[in-house]
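Let us walk through this fold together, starting from a few basic terms and ending with two contrasting residues.

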Amino acid sequence: MKSVTLKVQGMHCDGCANTIKALVEREPGVKSAAVSFENGEARVLYDPASTTEDKLVAVVERPGYRVTSRVP
Ligand SMILES: [Cu+2]
């Protein structure tokens, strides 16, 4: 398992955080996601054999949010 913290721009309430959590956790290979509206970040635990950081970023950005940085 690997974890990455994505800095996310564009969340404006807890609903946004919940949306991102649900979308990311639906992705194959993702074990869990913790998304904080207050901190503007999403921490994702995933299996690098099944998905990639790039894919996770794409999932977050699909509804219109922006990932501004990735912290290992
Ligand atoms: Cu919102």
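Helices and strands here are DSSP runs, with at least four residues for a helix and at least two for a strand, and they are numbered from the N terminus. With that in hand, please keep in mind that what you see is a predicted model. By this account, the protein chain has two helices and four strands. Following the sequence, these elements come in the pattern β-α-β-β-α-β.

How does the chain fill space overall? Its C-alpha trace spans about 35 × 20 × 20 Å along the principal axes. A compact globule of 72 residues would have a radius of gyration near 11 Å, and the protein chain agrees with this, because its own value is 11 Å. Of the 72 residues, 21% count as buried. The contacts also tell you something about how the sequence folds back: among those between residues at least 6 apart in sequence, 58% join residues at least 24 apart.

Now to the sheet. The four strands form an open sheet in the order β2-β3-β1-β4, with antiparallel pairing. Its edge strands are β2 and β4, each of which pairs on one side only. On average, neighbouring strands of this sheet are turned by 25° against each other, direction ignored. Helix α1 packs on the sheet, where it touches β1, β2 and β3, and the direction of α1 makes about 170° with that of β2.

Let us look at the pairings one by one. Strands β2 and β3 pair in the antiparallel sense over six bridges, and one place to see this is Ser 32, which stands opposite Leu 45 in β3. The hairpin of β2 and β3 has four residues between the strands, and in this hairpin Gly 40 takes a positive phi near 60°. On the other side of the order, β1 and β4 pair in the antiparallel sense over five bridges. Here Gln 9 stands opposite Arg 66 in β4, while Leu 6 has Arg 70 of β4 as its bridge partner. Is β4 buried or in the open? Of its six residues, the number buried is zero, so β4 lies largely in the open.

From the sheet we can move to the interior. The largest nonpolar core has 15 residues, and those that touch the most other members are Val 8, Ile 20, Val 24, Ala 42, Val 44, Leu 56 and Val 60. Two or more residues of this core come from each of β1, α1, β2, β3 and α2. Val 44 gives a good view of such packing: leaving out residues up to four places away in sequence, Val 44 touches Ser 3, Val 4, Leu 6, Val 24, Val 30, Ala 33 and Leu 56.

Helix α2, residues 53-61, deserves a slower look. Which of its residues are buried? They are Leu 56, Val 59 and Val 60. Looking down the axis of α2, you find these buried residues within an arc of 95°, so they line one face of the helix. What covers them includes β1, α1, β3 and β4. The face turned away from this buried side carries the exposed residues Asp 54 and Ala 58.

Two residues of α2 make the contrast concrete. Val 59 is found in helix α2, and so is Ala 58. Why does Val 59 count as buried? The cut-off for a buried residue is 20 or more other C-beta atoms within 10 Å, and Val 59 is buried because it has 23. Ala 58, by contrast, has 12 other C-beta atoms within 10 Å and is therefore exposed; the limit for that class is 12 or fewer.

Their surroundings can be traced across the sequence as well. Leaving aside neighbours within four places, Val 59 is in contact with Leu 23, Val 24 and Glu 27. Val 59 and Asn 18 are 41 residues apart in sequence, and their C-alpha atoms are 14 Å apart in space. For Ala 58 and Val 24, the separation is 34 residues in sequence and 9.8 Å from C-alpha to C-alpha.

Key:
Residues are numbered from 1 along each chain as its sequence is written. This is a predicted model: local features need pLDDT of at least 70, side-chain atom pairs count only at pLDDT 80 or more; totals for chains, interfaces and linings use all residues. The arc is that of the directions from the helix axis to the C-beta atoms. Two residues are in contact if their C-beta atoms, placed from the backbone, lie within 7 Å. A nonpolar core is a set of buried Ala, Val, Leu, Ile, Met, Phe, Trp, Tyr and Cys residues joined through C-beta atoms within 7 Å. Two strands pair if DSSP finds at least two bridges between them. Axes are lines fitted to C-alpha atoms, for helices over the stretch in contact, and angles run from 0 to 180 degrees between N-to-C directions. The radius of gyration is taken over C-alpha atoms; the globule rule is 2.2 Å times the number of residues to the power 0.38.
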